[in-house]
Amino acid sequence: MGVDQVITARRRDLGGFSVRRVLPDSSARMIGPFIFFDHLGPLTLAAGAGLDVRPHPHIALATVTYLFSGSIVHRDSLGSVQRINPGDVNWMTAGSGIVHSERSPEDERSRGVVAHGIQSWVALPDGREEDAPDFQHHACASLPCVSSPGVELRVIAGEAFGRRSPVRVLWPTLYVDMHVAAGARVEIGAHYADQACYVAEGEIDVAGVRGAVGELLILAGGAAVTLAAVRSARVILLGGERFATPRLIWWNFVSSSRERIDRARRQWAAGGFAPVPGESEFIPLPAE
């Protein structure tokens, strides 16, 4: 027992830039509450260029933005305006419906920057899918860290390695940023039903299974494992408890109900979501 499965990310074009996408996958729809996982970059943005993700809607999920380098300005229909710097956690709960945009800040747009980070979504649990939309931001310095020889860990959300993140979560969640020097090791306990390691940089070995950049190693349940860095690595450890009720995903909408997704589609097509103050653009509903 060690690694049950390895998923290799697929390239997805988001209009002007591409990402590595590992979730959802046909063989693994969710890892704990995580239903969507994109790896952006590292993407070199020249002076005068920038990321511009126009306003778009979500329901019944929380978006989680976590950057390694570069910054993004988040704006949403609640009126939130927040610059996200490397190591910060931006946790936006869509609930009954929210709209947001993500754009490069003007200072980085003028000089150019390397953009690199993770955008993930966690599905909201049963009974909480229609919660009121909410926004929380936690600066890097507020997140708990654990250090050992050759290893630096930061708990992004949930509880791990004896530390708990200040980020409010609605479901048992595992989300950790791990820097592991070449030759160093991390012991990962079997604390959650679903656990996986995504390689953002470098190369790792888990129970004899190698993982390179863009690969998600799904860990076998019920057993602790040792992660070793073959080359200096940055790894995202993610997971949590499993949902009893399956979740559906279509475009930016997640729900336990197909009818609810259809209703959100009609609402966005009709302009029924609240707008993002200061934004005039939007991403139209995709074709079937």
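This is a walk through the pockets, cores, salt bridges and backbone features of a predicted model.

Let's begin with the open spaces. The largest pocket has a volume of about 850 Å³. Its lining is made up of 33 residues, and those nearest the centre are L14, R21, F36, D38 and N252. If you would like to trace the walls by element, look at β2 (10-13), β3 (18-23), β4 (34-45), β5 (52-58), β6 (61-69), β10 (98-103) and β11 (113-123), the elements that give two or more residues to this lining. Of the contributors, β5 gives the most, with five residues. In chemical terms, the lining of the largest pocket is a mixture of 15 nonpolar, 10 polar and eight charged residues.

The second largest pocket comes in at about 290 Å³. Here 21 residues form the lining, with M30, I31, G32, D194 and R242 nearest the centre. Three strands, β1 (3-8), β18 (194-206) and β20 (215-219), each supply at least two residues to the lining of this second pocket. Sorted by class, the lining of the second largest pocket holds 10 nonpolar, six polar and five charged residues.

There is enclosed space to look at too. One cavity of 30 Å³ or more is counted, and the largest cavity contains about 30 Å³ of space. You can find it by selecting A190, Y192, A193, Q195, L219, A220, G221, G222 and A223, which line it. No charged residue appears in the lining of the largest cavity, which has six nonpolar and three polar residues.

Now for the packed parts. The largest nonpolar core has 29 residues, and the members that touch the most other members are F37, Y175, Y198, L216, I236 and L238. Strand β6 gives the most to this core, with four residues. A second core, separate from the largest one, has 25 residues, including L153, V206, V225 and A229. To see one core member in its surroundings, pick Y198. Leaving aside residues up to four places away in sequence, Y198 touches R20, V22, F37, H39, I118, G214, E215, L216, R234, V235, I236 and L238.

Charged pairs come next. The structure holds 24 salt bridges. In one of them, R83 pairs with D107, and the closest N and O atoms are 2.9 Å apart. This pair links distant parts of the chain, 24 residues apart: R83 sits in strand β8 (residues 81-84), while D107 belongs to helix α1 (residues 106-111). How buried or exposed are the two partners? R83 has a relative accessible area of 30%, so it counts as partly exposed. D107, at 33%, is partly exposed as well.

Another salt bridge brings together the side chains of R168 and D134, with an N to O distance of 2.9 Å. Because R168 lies in the loop between β15 (163-164) and β16 (173-180) and D134 lies in strand β12 (residues 134-138), the pair ties together parts that are 34 residues apart in sequence. D134 has a relative accessible area of 28%, so this residue is partly exposed.

R210 and D205 also meet through their side chains in a salt bridge, here at 3.6 Å from N to O. The relative accessible area of R210 is 48%, so R210 is partly exposed. Elsewhere, shared partners join several salt bridges into one network made of D52, R103, E106, R109, E279 and E281.

Finally, a few backbone details deserve a look. Most residues other than glycine have a negative phi, and most peptide bonds are trans. Against that background, which peptide bonds are cis? A cis bond joins L23 and P24, with omega about 0°, and P24 is found in the loop between β3 and β4. Another cis bond joins G41 and P42, again with omega about 0°, and P42 lies within strand β4.

Positive phi values turn up at two alanines. A60 has a phi near 55° and lies in the loop between β5 and β6. With a relative accessibility of 1%, A60 falls under the 20% limit and so counts as buried. A207 has a phi near 50°, and its place is the loop between β18 and β19 (209-212).

Methods. Residues numbered from 1 in each chain as written. Predicted model: local features only at pLDDT ≥ 70, side-chain atom pairs only at ≥ 80, totals over all residues. Heavy atoms only, no water. 1 Å grid on protein atoms, 1.4 Å probe; cavity = no way out; pocket = protein on both sides within 12 Å on 5 of 7 lines; lining within 4 Å. Points joined across faces, edges and corners; volume = space filled by probe spheres on them. Nonpolar A, V, L, I, M, F, W, Y, C, P; charged D, E, K, R; others polar. Core = buried A, V, L, I, M, F, W, Y, C linked by side-chain atoms within 4.5 Å. Buried < 20%, exposed > 50% of the residue type's maximum accessible area, 1.4 Å probe, protein only. Contact = heavy atoms within 4.5 Å. Salt bridge = Lys/Arg side-chain N within 4 Å of Asp/Glu carboxyl O.
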